[in-house]
Amino acid sequence: MDAFLIDRNAKLVLSGVDHDWRIEPYWSQARDANIVDALRRLHPDLVTVPNFSLFSNVPRHDNLVNMKRIAICWVELAMAGISTALHVNARTQRDWERWAEFIRHQQSVSWIAFEFATGARINHRGDWYVRQLIWLAEQARRPLNIVVRGTLGMNALRNAYQSVTLLDTVPYSKSHRRFKAVRLPTGRIKWRRSWTLFEQPVDDILQHNVDLTSCARRC
């Protein structure tokens, strides 16, 4: 925590969502180097397992292997006593049925994760994923929590899940480029460029952006 300049009183959530070339080494080098034990020593509040991709232009068994890898990573982290969110990547109805079966049998699954930042952000496909996530919550037959990347379907998910946690890097990336959030009368957020002096910290801009965008999502 000290090495990363993280406040010891802050909630530490480690996200497994990234580009494939960054995620794949988790399965090989990182697991060989006992990353699970290293994560356990950090005492994170939550870890979301790697979102190994399910591509549409590969043989079907490639999808099934990646779903299996997600499940194995969840088991390894959960057995180490780490609070872990199961990343439910799926492409077909049968994929969702498999995740529903897994969650029903694994009673220790209390958190799941999903990301709307890439393929699922396409409107017609994103709406389908929101419906499937609501269906998955119903099939669990117990309260579930969800961590999401991207804001699609937030209100609907709030009604289906015990809690919804949004992980959003936009306020940080905008602050890094000196943009400040402005809320329009319609409630939408617009980004306007601001200016800083040479080597002036952007802490105030970041806090402003986090506060305003968080308020906008709650409203």
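Where does His 43 lie? In this predicted model, His 43 is placed in the loop between helix 2 and strand 2, the latter spanning residues 46-48.

## Two residues with positive phi

The phi angle of His 43 is near 55 degrees, which is a positive value in a residue other than glycine. With a relative accessible area of 63%, His 43 is exposed, since the cut-off for that class is over 50%.

Arg 178 likewise has a positive phi, of about 65 degrees, although Arg 178 is not a glycine. Its place is the loop between helix 7 (170-176) and strand 7 (179-183), and at 24% relative accessibility Arg 178 counts as partly exposed.

## Salt bridges in helix 2

The count of salt bridges in the model comes to 9. Asp 37, Arg 40 and Arg 41 are linked in a network of such bridges, with Asp 37 taking part in both of the contacts described here. Between Asp 37 and Arg 40 the closest N and O atoms are 2.3 Å apart, and between Arg 41 and Asp 37 the corresponding separation is 2.5 Å.

The spacing along the helix helps to explain why these side chains can meet: an α-helix has 3.6 residues a turn, so residues three or four places apart point the same way. Asp 37 and Arg 40 are 3 residues apart in helix 2 (residues 35-42), which puts about one helical turn between them, and Arg 41 and Asp 37, being 4 residues apart in helix 2, are also separated by about one helical turn. As for solvent accessibility, Asp 37 counts as partly exposed at 23% and Arg 40 as partly exposed at 37%, whereas Arg 41, at 53%, counts as exposed.

## Helix 4 and the pair Arg 94 and Glu 101

Helix 4 covers residues 93-105, and its 13 residues, at 1.5 Å a residue, should span 18 Å; the end C-alpha atoms are 19 Å apart, which agrees with that expectation. The buried residues in helix 4 are Asp 95, Trp 96, Trp 99, Ala 100, Phe 102 and Ile 103. Seen down the helix axis, these buried residues fall within an arc of 165 degrees, so they line one face of helix 4.

A further salt bridge is formed by Arg 94 with Glu 101, where the closest N and O atoms are 3.1 Å apart. Arg 94 counts as partly exposed at 35% relative accessibility, and Glu 101 counts as partly exposed at 31%.

## The cavity

When the whole structure is searched, 1 cavity of 30 Å³ or more is found, and about 30 Å³ of space lies in the largest cavity. The lining of the largest cavity is made up of Ser 15, Val 17, Thr 48, His 87, Ala 113, Phe 114, Val 147, Val 148, Arg 149 and Leu 167. The elements that give two or more residues to this lining are strand 4 (111-115) and strand 5 (145-149).

Strand 5 provides the largest share of the lining, with 3 residues. Sorted by class, the residues around the largest cavity are 6 nonpolar, 3 polar and 1 charged.

## Helix 5 and its distances to other parts of the chain

Ala 137 lies in helix 5 and, at 11% relative accessibility, counts as buried, because the class takes in values under 20%. The C-alpha atoms of Ala 137 and Ala 160 are separated by 6.3 Å, with their positions 23 residues apart along the chain.

Gln 139 also lies in helix 5, which runs over residues 123-140, and at 22% relative accessibility Gln 139 counts as partly exposed. For Gln 139 and Ser 173, which are 34 residues apart along the chain, the separation of the C-alpha atoms is 37 Å.

Terms used. Residues are numbered from 1 along each chain as its sequence is written. This is a predicted model: local features need pLDDT of at least 70, side-chain atom pairs count only at pLDDT 80 or more; totals for chains, interfaces and linings use all residues. Side-chain values use heavy atoms; hydrogens and water are left out. A salt bridge is a side-chain nitrogen of Lys or Arg within 4 Å of a carboxyl oxygen of Asp or Glu. Buried means under 20% relative accessible area, exposed over 50%, partly exposed in between (1.4 Å probe, protein chains only). On a 1 Å grid over the protein atoms alone, a cavity is a set of points where a 1.4 Å probe fits but cannot get out, and a pocket is an open set with protein on both sides within 12 Å along at least five of seven lines; lining residues have an atom within 4 Å of a point. Grid points are joined across faces, edges and corners, and a volume is the space filled by probe spheres set on the points. Ala, Val, Leu, Ile, Met, Phe, Trp, Tyr, Cys and Pro count as nonpolar, Asp, Glu, Lys and Arg as charged, and the others, Gly among them, as polar. The expected span of a helix is 1.5 Å times one less than its number of residues. The arc is that of the directions from the helix axis to the C-beta atoms.
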